[in-house]
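Morning, everyone. Please pull up the model on your screens, and we'll walk through it together.

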Amino acid sequence: MRPVVVTVAITGSVARKADNPTVPITPAEQIESTHAAYEAGAALAHIHVRGDDESPSLDPERFQAVQAGIRRHCPNMIVQFSTSGAGPDPLERGACLIHRPDMASLTTGSVNFGDGVYENPAASFTALGQRMRAEGVSPEIEVFDLTHIHNARRLVDEGVIGPEPHVQFVMGIRNALPPDPHLLDILLAETRRLLPGATWGAFGIGRFQSPVMGWALARGAQGVRTGLEDNVRRSKERLADGNADLVRLAAEICAEHGARPATPAEARAMLRLG
Ligand code: MG
């Protein structure tokens, strides 16, 4: 069975305890939930932090607290900070990078996001990419639109990011890319043309989490992503019993495609991390 990097996106910026009481909010809850997901096979943790009132936060000290706990309890697990945020200010969104996680997300363009707009002007994502390079943090390129692949290529040409980044396709956000395997083929072809050698994964939001995972695995993805950030349900009938529950489901879907969760060491090699 081939190894596949299973990312667990533990919290996100949308889901609340009212949606699923197992959504981890405090750093202590986040560390505990990540540890359970790690034991279930996740090799990479994608981290957003919240305030005590559950609202999205960019507090670097919260990021640091979660990272420290993961480093202590989940040996070799890859820590990835989210640099998404409510506004385009790269200083605010990149403040967490001072704590030098292994990776950070980098969205290379703006996109409609539900009824709002996820703003990523070129000056903003370029500055975030430069900050990642300065701190030795590997970017994961978050692709919400075809243009984001072209923008990532420009960052490569300008020396802001390395030539073989990890690319993540995001499907199923309302008013952004719909979940469609034909669309995934187009995104993948364009990535292979513009960023040859890039590793990639794809994930779907809500009820599209499992179908998109299957499409990605069938196309040879190096990574899949699950977790309560993207989906709070195990099935139509019941809520997920925490992030580990979703990681176990991801491992089952991997097995259906001749794959298994990569160990953290395997994942680091596959994503070319130190
Ligand atoms: Mg995120």
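I'll go from the core to the open spaces, then to the cysteines and a few single residues. One caution before we begin: this is a predicted model.

Let's start inside. The largest nonpolar core has 60 residues. Which of them touch the most other members? Those are Ile47, Phe169 and Trp200. Helix H8, residues 243-256, gives the most to this core, with six residues. There is also another core, apart from that one. That other core has nine residues, including Leu44, Ile78, Ala262 and Leu273. As general background, nonpolar side chains in soluble globular proteins tend to be buried together.

Stay with Phe169 for a moment. Set aside its neighbours within four places in sequence. Phe169 is then in contact with Val143, Ile149, Leu184, Leu187 and Leu188, among others. The list also includes Thr191, Trp200, Gly201, Ala202 and Phe203. Note that Trp200 appears there as a contact of Phe169, and Trp200 was also named among the core residues that touch the most other members.

Now the open space. The largest pocket holds about 920 Å³. Its lining has 41 residues. Which lie nearest the centre of the largest pocket? Ser13, Val14, His48, Phe113 and Glu229 do. Three strands each supply at least two residues of the lining: S4 at 56-57, S6 at 103-107 and S8 at 116-118. S8 has the largest share of that lining, with three residues. By class, the lining of the largest pocket has 17 nonpolar, 15 polar and nine charged residues.

Next, enclosed space. How many cavities of 30 Å³ or more does a search of the whole structure find? One. The largest cavity has a volume of about 40 Å³. Strand S1 (2-9), strand S10 and strand S12 (223-226) each give two or more residues to its lining. Among the lining residues are Val5, Thr7, His166, Gln168, Gly223 and Val224. Leu44, Glu140, Gly201 and Leu271 line the largest cavity too. Two of these names have come up already: Leu44 is in the nine-residue core, and Gly201 is a contact of Phe169. The lining of the largest cavity divides into four nonpolar residues, five polar and one charged.

On to the cysteines. The structure holds zero disulfides. Why is Cys74 not bonded to Cys96? Cys96 has the closest cysteine sulfur to that of Cys74, but the two are 19 Å apart, too far for a bond. Cys254 tells a similar story. Its closest cysteine sulfur is in Cys74, 19 Å away, so that is too far for a bond as well. Both residues are inside. Cys74 is buried, at 1% relative accessible area. Cys254 is buried too, at 0%.

Now some single residues. Gln67 sits in helix H2, residues 60-73. Is Gln67 buried or exposed? Buried, because its relative accessibility is 5% and the cut-off for buried is under 20%. Beyond residues up to four places away in sequence, Gln67 touches Val79, Phe81, His99, Arg100 and Pro101.

Gly204 is in strand S11, residues 199-204. Gly204 is buried, with a relative accessible area of 0%. Not counting residues up to four places away in sequence, Gly204 touches Met171, Gln209, Val212 and Asp230. Gly204 and Arg219 are 15 residues apart in sequence, and their C-alpha atoms are 15 Å apart in space.

His257 lies in the loop between H8 and strand S13 (259-261). His257 counts as partly exposed, at 32% relative accessibility. Leaving aside neighbours within four places in sequence, His257 is in contact with Gly214, Leu217 and Ala218.

Last, the backbone. Most residues other than glycine have a negative phi. Two residues here have positive values. Asn175 has a phi near 75°. Asn175 lies in the loop between strand S10 (166-171) and helix H6 (181-194). Arg272 has a positive phi of about 60°. Arg272 is in the segment after helix H9 (264-270). Where do they stand on exposure? Asn175 is partly exposed, at 47% relative accessibility. Arg272 is partly exposed as well, at 43%.

That's the tour. Over to you for discussion.

Note on methods
Residues numbered from 1 in each chain as written. Predicted model: local features only at pLDDT ≥ 70, side-chain atom pairs only at ≥ 80, totals over all residues. Heavy atoms only, no water. Core = buried A, V, L, I, M, F, W, Y, C linked by side-chain atoms within 4.5 Å. Buried < 20%, exposed > 50% of the residue type's maximum accessible area, 1.4 Å probe, protein only. Helix = DSSP H or I, 4+ residues; strand = E, 2+ residues; numbered from the N terminus. Contact = heavy atoms within 4.5 Å. 1 Å grid on protein atoms, 1.4 Å probe; cavity = no way out; pocket = protein on both sides within 12 Å on 5 of 7 lines; lining within 4 Å. Points joined across faces, edges and corners; volume = space filled by probe spheres on them. Nonpolar A, V, L, I, M, F, W, Y, C, P; charged D, E, K, R; others polar. Disulfide = S-S within 2.5 Å.
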